[in-house]
Amino acid sequence: MKRLKKTKFVSQFYVFMLFEEIYGLKDIKKKLIQAVEQNHVAHAQLFAGRAGSGNLAMALAMATYIFCENKGENDACGQCAACSKMKKLVHPDLHFVLPVSSTTKVAKPLSQDFLKEWRSFALQNTYAGISEWLACIGAESKTPSISAEESRKIVSTLSLMPYESEYKILLIWLPEYLNITSANALLKALEEPPQKTLFFLVSEQPEKMLITILSRLQRIRVRDFEDEEVRLFLEEKLSIAAEKARQVAHLAEGNLQKAIYMSQEIEDDNHLLFRDWMRLCYTRNYQALIEKSEEFAKMPKEVQKNLLLYGLSMSQETLLYKYASEELLRVDAHSLEFINGFAKTMDMSKIHSLYYLLNEALQHLERNANAKIIFLDTSLLISQMIR
């Protein structure tokens, strides 16, 4: 088997500060632009979208449009001093609050302690989530939060007057991580908003936020990306070949970050790893499964995630192969060969169970559970389910 290579973040530097740089989502862009043109911008907005959606990108593009000194009909100019600062996320009237955790360098962290890392992360990984952010700051095994100490920073930020623009903007990324003290501080600010202050909350799980906060926000629902939007992104931004981009877009299910991971994966390695894993589960070779779990646990976290994502994709394709039409499959030859044999041992109930187990393992992995335990437990459950 070829040696696995460590999956990295997208290495090229992408700037998603303009509406035109976000693929698709034309209806949301139009609504936001009209709000600015008609001077009807709500003082507190919730950009709600699932992981891998364009919620953060849309909030940053909206901030750029508001700050822009030479607005066009459909976008910011991208050339003025304000736009130039937004391209680096250094505009003095844009403030950030983020979930953070202690690291070897910072014992009592605040958002401001990681602004340098955040700017780089938000520009290069605009569609990434909390697990990628924690990896970026070296806190993979920690539990993130927006702490009580952060509430004092929120209050001091809100007391500032706009420096260059008509408005100042407080962007809170993943407000579902607000603890009760910081949430109450934000609630008070929303109830009595300072003049010329806008709140942009970017959330993946708004149902975890306080109802009292949600009731004071204008919700902007950022839908998942369509397959065609994902395909164009992969081809134009990542230079992925057209056929592979089409396949990945189909399997990514509207999650652009998932598509980026899948396009970066070593596909042959994932195929061989998953095939051999399922064979061990089928034969109930428990000693080999223990060794395989140890092997998986030593792999980089993003490679572990890619393996589970590949397994989820194979589960979906097996279901289509067995109960729909082979014409609907979007896999290459060696994956089709695996699906052909795998489908003989699987019925609909087993396929659903496999998908559930792999998805649950992925969720536990993203929450920084012990990788060896995750893979061993999943292996034993799959082995029991298959036979």
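The paragraphs below lead through this predicted model, from the whole chain to its cores, its rings and some single residues.

The protein chain is built from 17 helices and 5 strands. Its radius of gyration is 23 Å, close to the 21 Å that the globule rule gives for 387 residues, so the chain is as compact as a globular protein of that length. Taken along the principal axes, the C-alpha atoms fill a box of roughly 65 × 45 × 35 Å. Of the 387 residues, 53% count as buried, and the accessible surface comes to about 18000 Å², with 50% of that surface belonging to carbon and sulfur atoms. When contacts between residues at least 6 apart in sequence are considered, 75% of them join residues at least 24 apart.

In soluble globular proteins, nonpolar side chains tend to be buried together. Here the largest nonpolar core has 71 residues, and those with the most contacts inside it are Trp133, Leu171, Trp173 and Phe200. Helix H2, which spans residues 55-67, gives the most to this core, with 11 residues. Apart from this core lies another, of 35 residues, which includes Leu280, Phe296, Leu312 and Phe375.

Helix H2 also holds alanine 57, which counts as buried because its relative accessible area is 0%, where the limit for buried is under 20%. The C-alpha atom of alanine 57 is separated by 35 Å from that of lysine 372, a residue 315 places away along the chain.

Tryptophan 173 offers a good place from which to look around the largest core. Leaving aside residues up to four places away in sequence, tryptophan 173 touches Leu56, Val97, Leu98, Pro99, Trp118, Phe121, Ala128, Gly129, Ile130, Trp133, Ile146 and Val202. Ring pairs also link Trp173 into a cluster with Phe96, Trp118, Phe121 and Trp133.

Trp133 brings us to helix H5, residues 130-137, which is largely enclosed by the rest of the structure, because 6 of its 8 residues are buried. These buried residues are Ile130, Ser131, Glu132, Trp133, Leu134 and Ile137, so that the list holds Ser131 and Glu132 as well as Trp133. Just after H5, glycine 138 takes a positive phi of about 75 degrees.

Serine 111 can be followed from the same cluster, since Phe96 is one of the residues it touches. Serine 111 is found in the loop between strand S2 (94-97) and helix H4 (115-124), and at 0% relative accessibility it counts as buried. Not counting residues up to four places away in sequence, serine 111 touches Phe96, Val97, Leu98, Val100 and Glu150.

The aromatic pairs in the model come to 16. In one of them, tyrosine 23 and phenylalanine 233 meet edge-to-face, with 5.7 Å from centre to centre and 80 degrees between the planes. Tyrosine 23 lies in the segment before helix H1 (26-37) and phenylalanine 233 in helix H9 (residues 227-237), so the pair ties together parts that are 210 residues apart in sequence. Both tyrosine 23 and phenylalanine 233 are buried. A ring also takes part in an arrangement with a charge, in which the charged end of lysine 196 sits over the ring of tyrosine 167, 5.1 Å from its centre.

Two residues deserve a look for their backbone angles. Most residues other than glycine have a negative phi. Asparagine 39, although not a glycine, has a positive phi of about 60 degrees, and leucine 174, also not a glycine, has a positive phi of about 55 degrees. Asparagine 39 is found in the loop between H1 and strand S1 (44-48), whereas leucine 174 lies in the loop between strand S3 (168-173) and helix H7 (180-191). Asparagine 39 is exposed, with a relative accessible area of 59%, while leucine 174, at 1% relative accessibility, counts as buried.

The last stop is alanine 249, which lies in helix H10 (residues 242-252) and counts as buried at 1% relative accessibility. Not counting residues up to four places away in sequence, alanine 249 touches Asp227, Val230, Arg231 and Leu234. The C-alpha atoms of alanine 249 and tyrosine 282 are separated by 30 Å, with these positions 33 residues apart along the chain counted as their distance apart.

Terms used: Residues are numbered from 1 along each chain as its sequence is written. This is a predicted model: local features need pLDDT of at least 70, side-chain atom pairs count only at pLDDT 80 or more; totals for chains, interfaces and linings use all residues. Side-chain values use heavy atoms; hydrogens and water are left out. A nonpolar core is a set of buried Ala, Val, Leu, Ile, Met, Phe, Trp, Tyr and Cys residues joined through side-chain atoms within 4.5 Å. Buried means under 20% relative accessible area, exposed over 50%, partly exposed in between (1.4 Å probe, protein chains only). Helices (H or I, at least four residues) and strands (E, at least two) are DSSP runs, numbered from the N terminus. Contact means heavy atoms within 4.5 Å. Rings of Phe, Tyr and Trp (its six-membered ring) pair if their centres lie within 6.5 Å; planes under 30 degrees apart count as stacked, over 60 as edge-to-face and the rest as tilted. A charge sits over a ring if NZ of Lys or CZ of Arg is within 6 Å of the ring centre and within 35 degrees of the ring normal. The radius of gyration is taken over C-alpha atoms; the globule rule is 2.2 Å times the number of residues to the power 0.38. Accessible areas come from the Shrake-Rupley method with a 1.4 Å probe; for residues, only the protein chains shown count as cover.
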